[in-house]
Amino acid sequence: MKPIRFSLAQIEAFASVCECGTLTHAAKKLKKDRTTISELVDYLELDLGYALFDRSTRPLSLTDAGKLLYRQARLFLHEAQAFGQIAEHIPQQLSTQLTLCYDAFTPRDFLLRLADKLHGQQIHLNLIATERANAEQMLEKGEADIGLFQAMNRSINERFQWKAIGGISLAVYAKVGYFHVKPVSLLSLASGVQLMPFKDLPPHMAQRLQIADRIQSVTEISMLKALLTAGYGWGFLPTHLHAERWPDVERLEAEFGDAGLSHPLVALWDPAQKNQPTVLHVLSLMSELFSQPEDVLGVP
């Protein structure tokens, strides 16, 4: 059986003529000219192979077949209207998804606040903890949208742009009793094992962050916590980790003081990738949230 071809406009014209009684009134209702309405109905009847109206009467009257089809036409138009309403709101229901890469030094409370803020704006944030080198490869391949890492003070891929987001404060932490003399001297720090939440540091970062001769890299926070609390070494860690709250761990005063113990945090992105308006919006929001005091960020 050959399928019947018809359009929404034909069904709408047919139903309007049924309800208005004349082609002229139906045309006014649909804001179309009379000829268009007449052609839509004529072609529908031609495709169906039977008449829908008795054209010998004024106003037009439905044939028996037309009466049956009119009921179905009304149901069809009702469904079409519902479809239109749903389709109209689809863009508002769709959520944008972005991927942000970060390292062990990135404040987790800041990331949680950022994700929560974006969730309320229908932007879902994938959070991927990884080394910066891997994150840059993901940015190049379009597998990530933003990288958030400590500044390397080196040239970056010419495809990338960067923006300073804030600074990370650093302090010395160790198991209670690990160092017997306080404030701790550089010599004491150098003689111990330094737990480092990085591997393969570039020379300029090693000069800033590496104090001890013996380094043990621990890039996962829970493992870093376990080793620090067990007294395997000491750490030169971001203060936002609040390592002083870990069991038997204390924040130590060092002889060199706190001056200059901070490191800038920068965001990297590829402006050639998709979702640039959303990426720029997220970058602006990141700067805003990072500049807020910790109690605003919800740090316990």
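**Aromatic pairs, core, cysteines and a surface patch**

Both F110 and F290 are buried. The model in which these residues are placed is predicted. Over the whole structure, a search returns four aromatic pairs. In one of these, the ring centres of F110 and F290 are 5.1 Å apart and the ring planes stand at 80°, so the pair is edge-to-face. F110 belongs to helix α5 (residues 108-119), while F290 belongs to helix α10 (residues 276-290), so the contact ties together parts that lie 180 residues apart in sequence.

An edge-to-face arrangement is also found for the aromatic pair of Y178 and F179, with 4.9 Å from centre to centre and 85° between the planes. Y178 has a relative accessible area of 23% and is therefore partly exposed, because buried residues must fall under 20%. F179, at 9% relative accessible area, is buried.

The largest nonpolar core consists of 39 residues. Within this core, the residues with the most contacts are L100, L114, I146, L148, W234 and M286. At least two residues of the core are supplied by each of the helices α5 and α10 and by each of the strands β3 (96-102), β4 (123-129), β5 (146-150), β6 (161-175), β9 (234-238) and β11 (262-269). Helix α10 gives the largest share, with seven residues.

No disulfides are found in a search of the whole structure. A disulfide is a covalent bond that joins the sulfur atoms of two cysteines. For C18, the closest cysteine sulfur is that of C20, at 9.5 Å, which is too far for a bond. The same separation applies when C20 is taken as the starting point, since its closest cysteine sulfur is in C18, at 9.5 Å. A disulfide would require the two sulfur atoms to lie within 2.5 Å, so this pair does not qualify. C18 is partly exposed, with a relative accessibility of 21%. C20 is likewise partly exposed, with a relative accessible area of 26%.

On the surface, F6, L8 and F76 make up a nonpolar patch. Together these three residues have about 280 Å² of accessible area. L8 is located in helix α1, which covers residues 8-20. The relative accessibility of L8 is 45%, so this residue counts as partly exposed.

Definitions and conventions. Residues numbered from 1 in each chain as written. Predicted model: local features only at pLDDT ≥ 70, side-chain atom pairs only at ≥ 80, totals over all residues. Heavy atoms only, no water. Patch = residues over 30% accessible without salt bridge, like charges linked within 9 Å, V, L, I, M, F, W, Y side chains within 5 Å. Areas by Shrake-Rupley, 256 points an atom, 1.4 Å probe, with all protein chains shown as cover. Salt bridge = Lys/Arg side-chain N within 4 Å of Asp/Glu carboxyl O. Helix = DSSP H or I, 4+ residues; strand = E, 2+ residues; numbered from the N terminus. Buried < 20%, exposed > 50% of the residue type's maximum accessible area, 1.4 Å probe, protein only. Phe/Tyr/Trp six-rings, centres within 6.5 Å; stacked < 30°, edge-to-face > 60°. Core = buried A, V, L, I, M, F, W, Y, C linked by side-chain atoms within 4.5 Å.
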